[in-house]
Amino acid sequence: MIGKGFEEASSALRQAVPPEHLRFLASLKLSISVGEYFLCHAGVRPGVPLEYQRAADLLWIRDEFLSSRKSFGKIVVHGHTPTESPELLSNRINIDTGAFVTGRLTCLVLEGESRRFLST
């Protein structure tokens with residue numbers, strides 16, 4: 001985003017977001033493992049154990065992760081790559097429905113063995 005108003009947008013965001021919100025966001029983990037699921041922002045690097053994933057991959061990975069059909073050891077729940085509707089695959093679940101463009105925010109409800117989606 002450098003050269004595209006990034007500095008101005010960054011400055012405006014810092015001024016608009018209350019400090020306690022920034023502290024909360026800074027305190028969040030990059031990933032969490034719960035039962036058979038591993039939740040992160042973008043995905044994981046195939047072939048790397050979940051506990052050794054790099055922050056850059058958890059936040060930014062795309063192609064290598066999205067094209068992998070191998071098991072990651074757990075089902076990876078992620079976003080970062082908008083799709084028309086949630087993707088439910090054997091090794092990953094993508095819940096990014098492009099809220100920044102579509103206005104449609106989707107979440108995944110995991111209750112016992114059941115999975116369901118909620119969308120605005």
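Biologist: Why do β1 and β2 (residues 37-40) count as a pair?

Modeller: β1 and β2 share four bridges, in the antiparallel sense. Two strands pair if DSSP finds at least two bridges between them, so this one qualifies. One bridge links V34 to Y37 in β2. Strands here are DSSP runs of E, at least two residues long, and helices are runs of H or I, at least four long, both numbered from the N terminus.

Biologist: What kind of model is behind this?

Modeller: This is a predicted model, in which local features need pLDDT of at least 70 and side-chain atom pairs pLDDT 80 or more, while totals for chains, interfaces and linings use all residues. Residues are numbered from 1 along each chain as its sequence is written, and side-chain values use heavy atoms, without hydrogens or water.

Biologist: What makes β1 (31-34) and β4 (87-88) edge strands?

Modeller: The open sheet runs β1-β2-β3-β5-β4, with mixed pairing. β1 and β4 each pair on one side only.

Biologist: Why is the largest pocket called a pocket?

Modeller: On a 1 Å grid over the protein atoms alone, a pocket is an open set of points with protein on both sides within 12 Å along at least five of seven lines. A cavity differs because its points fit a 1.4 Å probe that cannot get out. The largest pocket has about 250 Å³, as filled by probe spheres set on the points, which are joined across faces, edges and corners.

Biologist: Which residues line the largest pocket?

Modeller: K29, L30, S31, I32, L39, C40, H41 and L59 do; lining means an atom within 4 Å of a point. β1 and β2 each give at least two of them. By class, five are nonpolar, two polar and one charged. Cys counts as nonpolar, Lys as charged.

Biologist: How many residues of each class line the second largest pocket?

Modeller: Five nonpolar, three polar and two charged. The lining includes F100, R104 and C107. That pocket holds about 170 Å³.

Biologist: What makes the largest nonpolar core a core?

Modeller: Such a core is a set of buried Ala, Val, Leu, Ile, Met, Phe, Trp, Tyr and Cys residues joined through side-chain atoms within 4.5 Å. Buried means under 20% relative accessible area with a 1.4 Å probe, protein chains only. Eleven residues meet this, among them F38, L66 and V76. β2 and α4 (63-67) each supply at least two. A second, separate core of five includes Y37 and I93. In soluble globular proteins, nonpolar side chains tend to be buried together.

Key:
Buried < 20%, exposed > 50% of the residue type's maximum accessible area, 1.4 Å probe, protein only.
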